[in-house]
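Got a minute to go through some side-chain contacts with me? I have the model open and a few things to ask.

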Amino acid sequence: MSNEQPDRSSDLKQEAQTATTPRHSESTRNAELPVLTRVDGARLLEFSPDALLLINTGGTIVLINEQAAALFGYTQAELIDHPLEKLLPTRFHAAHVAHRLNYATTPLPRPMGVGLDLMGRRKDGSEFPVDISLRPILLEQVYHVMGAIRDITIQRFLERERAQQTERISQLTTLIDLAHDAIQVQDQLGRILFWNRGAQELYGWSAQEALGRMAHVLLQTHFPESSAAVNTELERVGRWEGELIQTDRQGRTMIVECRRVLIADEHNHHPAAIFVIARDITERRRQEQARATVHTETLAQRAFLQELLDALPGGVSVVHGHEARLLLTNRAAASIWGAPWPVGQPMRTFLEERHIRLVEASGHALRENGWATMRALLDGETVLQHQEVVRQPSGASLPVLVNAVPLISAHWQSLEVPDAQSHDLPGQKGIREPLALVIYQDVRLLKEAEYFKEEFIGITAHELRQPLAALKGAVGTLLLQTARGHGTPLAFWQQEMLQDLDLATDRLTDLTDDLLDVSRLQAGRLSLQRTTTDLVSLTERVVKRLQQTANRHQLECSTNQVRLEAQVDARRIEQVLTNLLTNAVKYSPLGGLIRVTLSTHVAEHVAEIQVQDSGMGIPAHQQARIFGRFMRADNAQSSGINGTGLGLYLCHALIEQHGGQLWFESTEGVGSTFFATLPLSPDFSSNGEAQTGPLSETVSAESVSEW
Ligand code: ADP
């Protein structure tokens with residue numbers, strides 16, 4: 001017994017005792033066992049290439065060969081007569097003793113420690129997995145056990161490797177099954193070797209049904225060119241990608257995006273199998289097709305829209321944003337500007353780059369916020385018939401009428417516009433960006449025609465003045481001489497006719513004068529002869545003069561100023577006042593009070609003249625256009641009151657030419673008040689002297705038969 005385990009000696013002895021009294025009949029057992037002499041045993045062990053040892057029933061090593069001793073790092077002498085447990089780690093000792101004793105009850109040749117991970121312990125204390133096969137034997141007629149010991153380190157290592165590999169494969173298979181793609185492995189002939197759940201879902205066949213079948217036959221695959229071309233490519237580069245048409249179990253044809261990869265044999269690098277991944281892209285293709293169709297249609301519609309726009313004689317532009325970036329335009333617009341306006345470019349940049357200027361009809365430069373386009377975009381104003389003149393890059397001036405309309409459209413945001421200059425990306429145009437449609441009409445020809453018309457009117461009016469003056473002179477002389485008793489006395493009706501003739505020539509003279517003024521104004525030839533004029537005395541004079549011929553009206557002039565000096569053309573201001581007062585009288589056919597009031601606005605340094613009547617008024621719906629040429633209100637015409645519709649137009653132009661303003665307030669059936677302001681002389685300061693009541697005496701009228 002070894003000194004290493006003195007504490008267990010009694011147990012082992014007991015075990016040995018137990019072992020020597022097996023439950024089997026000893027004679028039966030021994031009769032079946034091989035019999036060896038000690039010498040034979042020692043020889044047998046020496047010859048054997050395996051590591052062998054012989055233990056007695058007490059578990060003591062009786063014989064051990066060199067291989068076995070070396071396996072544990074001992075010499076044979078160091079182990080003989082030592083307990084077998086010396087070769088085992090301490091933790092196995094108890095279990096091993098039990099096993100050994102158990103073996104003794106059924107001593108058949110068999111591996112020891114089945115189900116146990118037996119470990120050997122070398123002399124240096126290191127451990128290694130061992131496999132021990134036991135065989136009972138009779139040595140010198142005594143029952144012994146022969147053990148063959150094998151170091152199974154490598155075997156264990158390989159087993160572990162295999163277990164890990166199996167685990168990896170099972171994880172991989174689970175993963176492959178989780179994938180939505182159809183995954184197959186095919187052999188080189190195209191037979192299905194592996195078929196995942198995705199393949200089953202895509203094609204409808206279960207793995208059981210699919211395995212071993214020819215994939216192309218099963219799926220009725222149509223190749224883009226041919227299966228041979230696919231195989232050639234696969235062999236050449238090791239992979240192939242493309243689209244196939246395949247049919248599933250229900251006969252549904254589908255477009256499949258497929259990737260095939262050649263798997264080479266690990267050892268000889270020959271192609272061993274083909275890894276195939278497929279995905280149904282039928283729906284994606286259908287959607288792409290639908291999108292492409294819509295895109296083509298949209299392009300066609302846009303092209304058609306552009307053709308329509310280009311066919312229009314007027315210039316059309318659609319602009320967006322606070323910088324008026326161009327969205328759409330047509331050919332006529334390019335000829336209006338005299339240069340093409342690139343889509344996406346802000347209007348100001350375009351005009352500056354091309355040296356284009358926008359000016360008013362009067363010739364004054366138009367400020368950016370005065371452009372019809374900007375008014376529509378920034379103020380949301382609908383600008384109609386705005387007169388602008390385009391100074392083109394060539395220097396030519398083109399009169400245009402501009403209509404600019406703000407647009408409310410949600411659709412333009414999705415327009416795919418080549419927006420090269422814009423920093424916006426498609427689809428990023430601000431939802432709240434203003435949008436406007438701008439239409440330019442080249443009115444050069446109209447202007448020319450208008451010019452000729454004005455010229456014609458001007459010349460005609462001018463030519464009419466002389467014969468009219470002669471007529472007026474002749475009628476006046478006739479009336480005067482008859483009144484003085486020269487010549488044959490005239491009958492009453494003859495005198496009446498002559499007076500009618502006199503009034504008619506007056507009216508004709510007024511009309512020709514107005515026409516001449518209009519034509520001068522249009523041609524920009526109406527110049528003012530400004531002098532320092534007292535507006536108070538001028539107004540008083542006009543009121544007084546007109547009162548003489550207004551028998552049914554009372555003209556009243558009031559002011560709190562003694563004098564109001566202004567640099568004006570006195571004749572023209574008198575013309576304006578005459579016209580306003582004449583209208584007040586004319587359009588109050590029932591007579592009544594007509595108030596003329598003069599006042600000042602100190603802050604603006606202007607004089608204001610008000611002419612107020614309580615006549616027929618101007619219908620609300622016609623008020624906006626009443627300063628237009630030849631404009632007459634319906635109620636005036638239906639009342640049979642004569643007029644040309646030129647007076648207010650001239651008044652308005654004359655007051656504005658003086659730097660003042662003319663406007664009115666009117667209620668149909670109640671009366672009208674016209675307001676005219678005129679800048680006071682810069683060095684004039686109003687005295688503010690109050691004069692209550694009418695300034696001039698109220699003049700009771702001589703009769704005026706007609707206006
Ligand atoms: P005319 O009096 O010759 O028609 P005007 O240009 O002076 O032309 O006036 C234009 C129109 O304005 C008139 O025809 C009339 O309808 C309207 N109008 C002008 N003044 C008055 C007024 N004081 N009261 C009512 N209507 C007026």
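What follows is a short chat about salt bridges and aromatic pairs in this predicted model.

Reader: Let's start with charges. How many salt bridges does the structure hold?
Author: Quite a list to scroll through, and one of them joins Glu257 to Arg284. The count for the structure is 33.

Reader: Take Glu257 and Arg284, then. How many residues apart in sequence are the parts that this pair ties together?
Author: The closest N and O atoms of Glu257 and Arg284 are 3.6 Å apart. Glu257 sits in strand E11 (residues 253–264) and Arg284 in helix H12 (residues 282–311), so the salt bridge ties together parts whose separation in sequence is 27 residues.

Reader: And is Arg284 buried, exposed or partly exposed?
Author: Buried would need under 20% relative accessible area, and exposed over 50%. Arg284 comes out at 35%, so the label is partly exposed.

Reader: Now helix H17. Which residue of helix H16 does Asp513 pair with?
Author: Asp513 is in helix H17 (residues 492–522), and its partner is 48 residues away in helix H16 (residues 444–483). The two make a salt bridge with closest N and O atoms 3.2 Å apart. That partner is Arg465.

Reader: What about Asp502: which residue does it form a salt bridge with?
Author: Asp502 also lies in helix H17, and its partner is in helix H16, so the pair ties together parts 30 residues apart in sequence. The closest N and O atoms are 2.9 Å apart. The partner counts as partly exposed because its relative accessibility is 28%. The residue is Lys472.

Reader: On to rings. Is the pair of Trp195 and Tyr203 stacked, edge-to-face or tilted?
Author: Altogether 9 aromatic pairs turn up in the structure. For Trp195 and Tyr203, the ring centres are 5.6 Å apart. Stacked needs planes under 30 degrees apart and edge-to-face over 60. Their planes are at 35°, so this pair is tilted.

Reader: And how are the rings of Trp663 and Phe675 arranged, stacked or tilted?
Author: Trp663 lies in strand E24 (residues 661–667) and Phe675 in strand E25 (residues 671–679). Their ring centres are 5.1 Å apart. With the planes at 10°, the pair is stacked.

Reader: Which of those two rings belongs to a buried residue?
Author: Trp663 has 32% relative accessibility, so it counts as partly exposed. Its partner has a relative accessible area of 8%, and the buried label means under 20%. The buried residue is Phe675.

Terms used. Residues numbered from 1 in each chain as written. Predicted model: local features only at pLDDT ≥ 70, side-chain atom pairs only at ≥ 80, totals over all residues. Heavy atoms only, no water. Salt bridge = Lys/Arg side-chain N within 4 Å of Asp/Glu carboxyl O. Helix = DSSP H or I, 4+ residues; strand = E, 2+ residues; numbered from the N terminus. Buried < 20%, exposed > 50% of the residue type's maximum accessible area, 1.4 Å probe, protein only. Phe/Tyr/Trp six-rings, centres within 6.5 Å; stacked < 30°, edge-to-face > 60°.
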